[in-house]
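The following exercises concern strand pairing, sheet order and overall chain form. Please work through each task before reading its solution.

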Amino acid sequence: MEALKALSSPHAKVIRDGVKKEVLSKEVVPGDILLLEAGDLVAADGRILENASLQVNESALTGESANVDKRDTDMEGEVPLGDRVNSVYSGTLVTYGRATVLVTATGMVSEMGKIAALMNATKEKKTPLQVSLDDFSKKLAVMILIICGIVFGLRLWQAVPFENGWQMPVLDSLMFAVALAVAAIPEALSSIVTIVQAMGTRKMAQDNAIMKDLKAVESLGCVSVICSDKTGTLTQNKMTVLDVYVDGRCVEPQAMDLMKPSQRKLLYTAVLDNDAALDGDTVIGDPTEACLLVMADKAGVTRLGGTVEELRRMYPRTAELPFDSDRKLMSSRYTLDGESIVLTKGALDVLLARCVSIAVGDTVRPITDDDRAAILSQNERFSENGLRVLSFAYKLSDGELTLETETAFTFLGLVSMVDPPREESKDAVADAISAGIKPIMITGDHAVTAKAIAMQIGICTEKDLAITGPALDAMTDEELDRDLESIAVYARVSPENKIRIVEAWQRRGHIVAMTGDGVNDAPALKKADIGVAMGITGTEVSKDAASMILSDDNFATIIKAVENGRNVYRNILNAIRFLLSGNLAAILVVLMCSFCALPMPFAPVHLLFINLLTDSLPALAIGMEPSDRMLLKNKPRNKDEGILTASFVRDMVLYGVLIAVATAGAFFIGLQVDAASAATMAFATLSLARLFHGFNCRSPRSLAAIGIRSNLWSLGALAAGILLLALVLFVPFLHGLFEVSALTGFHYGMIALLGIAPTLLVQLCRMILELRHSR
């Protein structure tokens with residue numbers, strides 16, 4: 001909201017009671033006459049009364065960077081925001097010309113205010129992991145309480161009265177139950193989940209995806225729909241000349257033959273009849289005019305006598321008619337080769353009607369109906385491919401250059417331009433589709449242009465639909481739900497349209513990521529499960545509403561982030577599997593001792609040591625497991641799928657039983673000496689077995705397949721855990737603190753053997769299965 005307020009112009013020029021005044025923009029009210037000129041930030045929504053070539057940058061509202069030519073004409077019917085050329089809107093920037101405007105809406109009633117209202121009405125939701133962990137925690141707590149209650153009752157039942165009193169007092173039974181609760185609860189889980197997410201955030205930042213919301217990291221792994229903006233995200237946000245239609249055929253800029261007068265004059269027109277400039281990679285002026293200068297460089301403009309700037313100094317402009325949105329032309333006069341010449345460019349429909357001849361090579365002849373038909377046919381082909389087209393013409397004239405004399409031209413050719421897709425967009429879209437993610441293009445651009453780009457990069461096929469905002473407004477929710485899967489492109493959309501699209505996919509149970517850079521995108525960014533703002537072109541409002549910011553404004557970065565998000569969730573799941581299988585082993589050993597009326601196998605301090613130290617280190621190492629491209633070959637996980645799935649429980653029980661058997665074996669070996677030795681051996685074996693078990697939980701594949709050194713953190717965790725365990729076992733003054741007793745060499749050898757045995761067995765079985773599968 002603060003960023004929205006900051007967009008308001010501090011002052012505005014108005015006419016009140018016939019007097020021109022300057023007032024604070026917040027004091028502008030409906031009914032005021034607002035005066036606008038180049039450089040002004042529009043203070044309110046309004047209808048244009050008088051217009052003098054007004055151009056407004058409405059990218060904050062529409063997401064499209066091209067300036068909009070405004071007119072003082074009436075418009076009928078429902079018109080998309082980006083096509084309302086007779087209106088201006090609060091928070092947009094006047095880039096050219098001037099106008100007189102009648103203020104129609106201010107504050108929360110303006111288009112900018114409507115966006116603020118949409119943001120206020122949008123609430124944040126819990127991430128799938130939060131929902132899963134909440135559900136998991138409730139189930140775990142209930143199970144632990146039930147098991148602890150059963151164990152407490154068993155111990156009391158076993159404490160039957162004898163002649164010498166109670167065999168086991170109530171306090172000991174309670175301590176036994178508490179020890180079981182300590183063994184069962186993964187105390188380090190919450191911190192491990194947070195740390196793994198934080199490390200995932202760091203990795204994403206290195207890949208140009210800055211996560212604002214830690215909780216959203218793993219949500220990326222659930223994303224099944226990505227609604228992406230076109231301009232700058234899928235495309236380069238840089239107009240580029242694709243083809244030049246001259247001498248009756250299409251040529252690339254670098255293939256132009258400047259020995260032919262027609263092509264030479266077209267290049268002169270592109271350079272001289274042009275107000276833009278290039279300073280390195282920086283565009284000064286209109287992006288469309290700037291791309292003509294890039295075209296001139298590719299065509300070899302130096303062959304005309306110098307660089308762009310040198311040519312402009314050699315041939316100074318002697319007269320001009322600036323571009324006007326009504327006549328859609330720009331004309332300027334120069335002296336070329338001793339002749340006074342007027343060079344003109346503009347919209348084909350206007351310029352072709354003013355042409356009386358056509359230049360072909362080194363000849364000029366009257367233009368025929370067949371020539372006009374061929375030109376219009378080529379223009380149509382360009383338009384069908386989503387290209388923007390400028391036409392070029394000239395005339396030799398010594399007369400005064402006026403609106404009345406801007407006619408009788410010789411046609412030169414057409415230049416087709418496009419904002420080309422990023423090189424990596426096509427591969428990124430293919431990766432998204434193979435990962436089970438549906439990419440959708442949502443743009444403020446025209447439907448034909450948007451669909452052409454979408455087809456180039458693979459978002460859209462011939463069978464898919466491209467609809468406009470007004471068409472979407474005319475659809476009922478039932479009609480939208482029916483056609484939702486087949487709509488790949490939404491063009492000329494409003495902020496309300498974007499929210500409706502997100503909600504439609506969410507109703508189907510999908511996790512939706514939405515990209516955006518303008519103020520108009522903010523409500524949808526907040527509504528989506530993952531809002532993705534642009535770091536370069538994005539407004540502060542969009543960044544505030546988003547969960548993730550792309551520092552390179554690149555769609556491919558979203559796919560990398562999805563891969564990282566899936567890896568984070570996989571690692572968290574593996575860490576939980578590691579913790580619970582180890583805890584299950586401890587529970588099984590405690591239950592065995594309880595049913596058999598044996599001494600407690602662990603002191604509470606043993607279990608705390610295991611859970612907080614020797615368990616935390618391997619779990620964190622598992623959380624550092626690197627991602628692999630195979631993650632993008634899987635479909636997005638179901639957001640309603642809990643943690644305790646059948647396969648998860650199967651693995652947890654299997655691993656838990658193996659470790660429990662090894663620990664129970666060590667306990668019985670120690671029990672041959674005394675209860676203290678038995679508890680020490682059980683504690684040491686469980687600790688060591690769980691340290692080695694970390695390797696089992698790194699991946700469902702064997703260590704031979706993934707490489708033991710592919711995650712050096714796991715080796716470090718093993719070394720640190722063994723060192724801590726050795727300190728407890730071999731440093732005498734720690735024995736009392738950790739309630740352990742000294743053992744013999746034989747017992748230490750059995751601890752080592754039994755500690756590594758479960759992991760060796762699991763790895764051997766995996767290697768055998770992988771060997772069979774490879775055959």
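**Exercise 1.** Determine in which sense β24 and strand β25 pair, and over how many bridges.

*Solution.* In this predicted model, local features need pLDDT of at least 70, side-chain atom pairs count only at pLDDT 80 or more, and totals for chains, interfaces and linings use all residues. Residues are numbered from 1 along each chain as its sequence is written, and side-chain values use heavy atoms, leaving out hydrogens and water. Strands (E, at least two residues) and helices (H or I, at least four) are DSSP runs numbered from the N terminus; two strands pair if DSSP finds at least two bridges between them. β24 and β25 (residues 487-491) pair in the parallel sense over four bridges. Within this pair, T468 stands opposite A491 of β25.

**Exercise 2.** Place this pair in its sheet and identify the edge strands.

*Solution.* Eight strands make up an open sheet of mixed pairing, ordered β10-β28-β27-β26-β11-β23-β25-β24. The edges are β10 (209-211) and β24 (465-468), each of which pairs on one side only. From one strand to the next, the twist averages 20 degrees (axes are lines fitted to C-alpha atoms, for helices over the stretch in contact; angles run from 0 to 180 degrees between N-to-C directions).

**Exercise 3.** Which strands does helix α16 touch?

*Solution.* Helix α16 (residues 495-507) packs on the sheet and touches β11 (223-228), β23 (438-443), β25 and β26 (511-516), contact meaning heavy atoms within 4.5 Å. The direction of α16 makes about 160 degrees with that of β26.
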